[in-house]
Amino acid sequence: MSSIARAGRLTFLFRLSDILRSLTDVNEILEKAGYLLGEYLGVSEVCYAEVRKEADKKHFYIKAVYQEGSLPLSGEDVQTGEHKHTLFEALNRPHTIATTDIAEDPGFSEKEKQAYAAIHVHALIATPIFKDGELSGVFCAHQNQPRQWTKEEIALTEEAAERILAAFDRSIAEQKLLENEERLQAIFSGTYEYIGLLSPTGILLDANRAALEFGPCKAEDVIGRPFWETIWFAYTPGVSRKLKVAIAKAATGKFIRWEAFLIRPSGEEMIFDFSLHPVKDETGNVILIVPEARNITGRKQMENKLRSSEAKYRHLYESMDEGFCIIEVLFDEKNKAYDYLILEVNDAFEKQTSLKDVIGKKASELIPGINKSWFEIYGRVATTRNPERFENVAEGKNYYQIFDVYAFPTGEPGQGHVAVLFTNITQRKEREREKSFLLRLSDALRSLDDPVKIQAIAARTLGKELGVSRVVYFEVINDSYYVNENYVDGVPSIVGFHAVTTFGNKLLVNYRKGRIISVNDVNKDSGLSPEEKAGYADIQVRAYIGIPLIRNGSFVAGLAIHQASPRNWTEREITLVQETAERTWAAVARAHIELQLRESEEKYRTLFDSMEEGFCTLEKTVTGIPDFRFMESNSAFELQSGIKNVTGKTLNDALPGLAERWITIFNSVLITGKPFRFEQPFGKEGKVLELNVFKVKRNWSNYIGVIVKDISLHKQEETASHWLASVVESTDDAIVSKTLDGVITSWNPSAERMFGYTTKEAVGQHITLIIPPERHQEEEDILIKLRRGEKVDHFETIRQHKNGNKLNVSLTISPIKDNTGRIIGASKMARDITSRKASERALREWEERFRITLDATRMGTWDWDLTSDELIWNKQQYLLLGLDPEKEKDKPKNLAYFLQFIYPKDLEKVEKNLRSAAEGVNEIYEDQFRIVRADNGKKRWMGRYGRKIKDENGQFTHVLGVMYDITDRKMMERQKDEFIGIASHELRTPVTSIKMYVELILQTLGDKADKQSFAMMQKLDRQVDRLVELINDLLDTTKIAEGKLQLNMKKFSLNLLIKECIETFMPSKKHQILFHADDLESITADRERIGQVITNFISNAVKYSPDGGKVIVRSEKEGQRVRVSVQDEGIGISGEMKSKIFHRFSRVNNPQTFPGIGLGLYVSAEIIKRHGGTISVESQEGKGSVFYFTLPYNV
Amino acid sequence: MKRLIIVDDDEGIQDIFSLIFNQAGYDVRIYSAGAPLMEDHLEKPDIFILDKQLSGIDGLEVCRFLKSKDTTKDVPVIMISANPNIKKLAEEAGADDSLEKPFRMKELLDMVAKYV
């Protein structure tokens, strides 16, 4: 080889290597390398035929990479064996083929030769490329004319092919690596897991986006630092050390994983699934550690919650009283439930069912013969998946229990699983059944009045209930059991007498001791002799229960039940027989007594109808207003009283005018039990009835009897004389009657007083006894007039007292006529007129008393002349002002003189009041003020009271009055206010403690306490609230008295305040609080105080409507003011109280008026007054009240 | 645990307060008079509750003292009293809040909770 050629080859290979080194793309490698080779060899074409496999058939995919004079074959698929025979041959020959002239080469078929000729290929070098022992492609250089290839050219082509192949491999690997890395990077940065890269020594090389965001930190802050010193672990104590150890372990090639607990800067605690993956090189050295962390906090929390909820469920499940089980319902081919399997039960299951070792067993195994209804129900629950609640009897052989069951589907649909929660209610049901039986029995017996029938019904009812052969109610008569009636079922009746010995002496002894006997099998009863056993057998009794009934210590009757076969009596059955026995006896006894009663009533009725006096009985009505209803009356009652058809009517219906009086009397007779007699004017004809009222002695004590008699005639006489007599007895005038001869026939008490003679002394004497001798003639004249039938009227004359004193009298003398009109005497009335003179003396005495009173009470008097302004004072008036009466009394005094003693601060008020007294229409003047005493300059409180006096023309001319010292009273009042103030203040501290104790107890007790205690504590709480309210009112009261009630004015919405006030009242069933609000502008006032008034109104409205009803709160505009009213439907207020209700301590003198009204209204009134508002009430007793106040918008 | 100092000379109040606050999870210290609060070595609590009317130094006086001292001026003070003017008086003495007797347990607890 020439050196030039050698250098050219080297240059070629050098350039080829250069190009290939810098290329990564396969196509580019081919093109560039092909071009280089094509140029170097000066061939017409370079191509690469890639072997592609498709369904086990190989073909070439030709890619031309250099073209110089040949026709391109690029992209063409060439089937092997067609016209590339040579190449096909090459498959089995890993040698390069070099052909100088294809047309001359015997290795090519004619067909191939033509095919090469068609693409202008006449000479070629083809180098096969093998990979893993298989042909993967052929690298070819073509020449468009025959060419003699040098060895050099062939070798070069082979070399190029080799290098291209190497470049291919590298390129593909690189490509894959690149792809891998890209994918890796994407995962690395895209994942939400926290991933990093560590050097084996633990230095952080990289961290993904998620990890950096989690930090949060920037890459430059953490990369290059030891992993355990990075921000992720900075907040969790101890974790760094652990991490360091773990990394050291991972560096030895171990995969490490644990649940790491990390604290975030925020203090939040998180749990991570943390792992360290060591990455090894081929030699097994660890070159990288990949830390990876996954946040599993949520999952962990869920797991924890699940665990605790499971534990709770488990605990509940095991500790609850209700039985619980999970069953699988078994279905047959027709999808009908035929049994169920018990899968799981709780502890209570056994207690509730008395069944043991149930798990895995079928219901039909546990309770043989169990009723099918259970399967149906559970089958339905499993199929429809709707829960059901029901009561059902589980009845099988030797098993009878009743359950209250709640069954609900569980598990997956189709599994047939049902959860069953249940309680055994057998005992409760049996009790209910027993109760219902006894109720039925009592009902049946109550309506019967025949003792025998009662026995029959009782026996039958009991017999059917218990399903026994015989039920016998017997009475003990002498030495026999006597059976009136019995119930039998398949055995003979035993009605009649039976000697007590028939059934054994032992039984009788036990019966007499009141013992209940139950025998399950007579034949096994060792206490019976063979004869006695035969006695039982005679009447087919094998088992029995016997209940003796003892009354007043002796065995009087009994109830027995018999069974023809042995029977195990239950406790319940014995109880039932006993109860029946008691009830039957009671009913029989009642029937006997009623029978006797009927007989006695018969007798009573006869008497009742035949008596002459009217008689009726009445019963007090039970409901409504107190009244009595006529129950019966005899015919004489109608005759005597004239009242018809009273039976069934009440007194108010029959005798409306008299009812009130009679009811009162009848009631008192009922209460005292004492008979009462009274007379009753009756009807218009002056009829008078005498009524004898007595209590009817029966057990029910609301009966009275009344015997009525008409005593009208008798009464009329009596009344007239009584009436006259009482007039005569009671008059102040002396009344004397005398015969026409002048003999005194009567002498009344006033006559005794006036003339000094007693009746005894006067009657029978001549009338001249009391006439002074000089006037005897006068009497004669009078008698003459009287005999003529004339009356003497107001004849003033002089009579004489027993003691000789003369009396000025005025006489009226009338004739007295008998029935026929004949004058038989005279009645003389004498009036003493001596006393007129006495009044003058009395006046003088009064004046004296008045003066003494004034002195004693140190009361000054004053007389103010309104025309002259002159003042006239008494001595006390001077002394009260500290003046010397002797020195001052002659000084001229007018109003100005008086006013100089008034305490300056009160002066204005005193003047104003006096002026209005002088000018106003009010007749009364009243004032309280302080004066400064002239002698010592001390302040004293004075009260002043006066009245305006009119002259004859009706003009006010004077004010007359008194003045008195009230300093002591004022001091006491102030002390009282101070006392109340201090007391209520001091009370607030202990009340605070009490209140909180009560709240604490209520809170602590919660549901633990029994209802009663809890309710009592709530009541206590409310009472403490009331106490607090009272204390607050008391404090407010003293503030008002001291003028210290301060208002904290601000602008607010009144409607909103009212709404708040209403909301503080607990909703009550009885009361309905309504609010009708007008559109209002904001008002300026003390919000808290106005709220206090509204609350007080509403609370009174509720308190004083004990029967409930509506409470209507209204707010209305009223010109420049706003009006708030609270209306109730309660008891209302009387007219008298209305004026007092807003006064302080209004209850003091009206103790019975309003219990519990307190001081609230007084405080309310003061609050409203201080705002310049008005407060008032409109009310009607029994209908309700409207309390209202008005306020100006701006005070 | 939040520390609470209560000064009240009424035994009833002392008892119920210690009950309530202990139950509510506070560390409660109770004094009958204000003097111990004016000593230098007083361990700073999280809140003071002072009754106004105390034998010896008045509660308002104690409050003024606490509010004037650097170590305690930031500790909230609640004044309680039966005096209806306590709100105004407590404000003047620099207290953070006040309650007029009688009050409900909840009012007291809520008010304390608001400051600690």
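**Sheets, rings and charges in a predicted two-chain model**

A:F755 comes out as buried, since its relative accessibility is just 1%. The model here is a predicted one, and A:F755 makes a handy way into it. The ring of A:F755 pairs with that of A:W747 in a tilted arrangement, with 5.8 Å from centre to centre and 45 degrees between the planes. A:W747 counts as buried too, because its relative accessibility is 5%.

A:W747 also leads into a bit of sheet. In strand β29 of chain A, A:W747 is the bridge partner of A:V736. The strands involved, β28 (residues 734–739) and β29 (residues 744–747) of chain A, run antiparallel and are joined by three bridges. Together β28(A) and β29(A) make a hairpin with four residues between them, and in the turn A:G742 shows a positive phi of about 95 degrees. β28(A) has another partner as well: six bridges pair it in the antiparallel sense with β32 (residues 823–832) of chain A. There, A:V736 stands opposite A:K828. As for cover, five of the six residues of β28(A) are buried, so the strand is mostly tucked away under the 20% cut-off.

Elsewhere in chain A, six strands build an open antiparallel sheet, ordered β19-β18-β17-β22-β21-β20. At the edges sit β19 (496–499) and β20 (517–519) of chain A, each pairing on one side only. From one strand to the next, the twist averages 25 degrees. Helix α15 of chain A (residues 505–512) packs on this sheet and touches β17, β18, β20, β21 and β22 of chain A. The direction of α15(A) makes about 40 degrees with that of β21(A). Within the sheet, eight bridges join the antiparallel strands β17 (residues 470–477) and β18 (residues 480–488) of chain A. In that pairing, A:F474 stands opposite A:V483 of β18(A).

Back to the rings: over all chains, the count of aromatic pairs comes to 45. One of them joins A:W374 and A:Y378, tilted at 50 degrees between the planes and 6.0 Å centre to centre. Both residues belong to helix α12 (residues 373–384) of chain A, where they are four residues apart, or about one turn. A:W374 is buried at 4% relative accessibility, and A:Y378 is buried at 4% as well. Ring pairs link these two into a cluster with A:Y340, A:F349, A:F375, A:F390, A:F403 and A:F422. Rings also meet charges: the charged end of A:R264 sits over A:F214, 4.1 Å from the ring centre, while A:K970 lies over the face of A:W941 at 4.6 Å from the ring centre.

Salt bridges number 56 over all chains. Among them is A:E153 with A:R147, whose closest N and O atoms are 2.7 Å apart; both of these residues are buried. Another brings together A:E432 and A:K429 at 3.4 Å, N to O. They sit three residues apart in helix α13 (residues 426–446) of chain A, about one turn of the helix. A:E432 is partly exposed, with a relative accessible area of 37%, and A:K429 is partly exposed with 24%. In chain B, B:D97 and B:K114 form a salt bridge with 3.6 Å between the closest N and O atoms. B:D97 is in strand β5 and B:K114 in helix α4 of chain B, so the pair ties together parts 17 residues apart in sequence. Finally, salt bridges with shared partners join A:K995, A:E999, A:D1021, A:D1025 and B:R104 into one network.

Methods:
Residues are numbered from 1 along each chain as its sequence is written. Chains are lettered from A and ligands numbered from 1 in the order in which they are written. This is a predicted model: local features need pLDDT of at least 70, side-chain atom pairs count only at pLDDT 80 or more; totals for chains, interfaces and linings use all residues. Side-chain values use heavy atoms; hydrogens and water are left out. Two strands pair if DSSP finds at least two bridges between them. Helices (H or I, at least four residues) and strands (E, at least two) are DSSP runs, numbered from the N terminus. Axes are lines fitted to C-alpha atoms, for helices over the stretch in contact, and angles run from 0 to 180 degrees between N-to-C directions. Contact means heavy atoms within 4.5 Å. Buried means under 20% relative accessible area, exposed over 50%, partly exposed in between (1.4 Å probe, protein chains only). Rings of Phe, Tyr and Trp (its six-membered ring) pair if their centres lie within 6.5 Å; planes under 30 degrees apart count as stacked, over 60 as edge-to-face and the rest as tilted. A charge sits over a ring if NZ of Lys or CZ of Arg is within 6 Å of the ring centre and within 35 degrees of the ring normal. A salt bridge is a side-chain nitrogen of Lys or Arg within 4 Å of a carboxyl oxygen of Asp or Glu.
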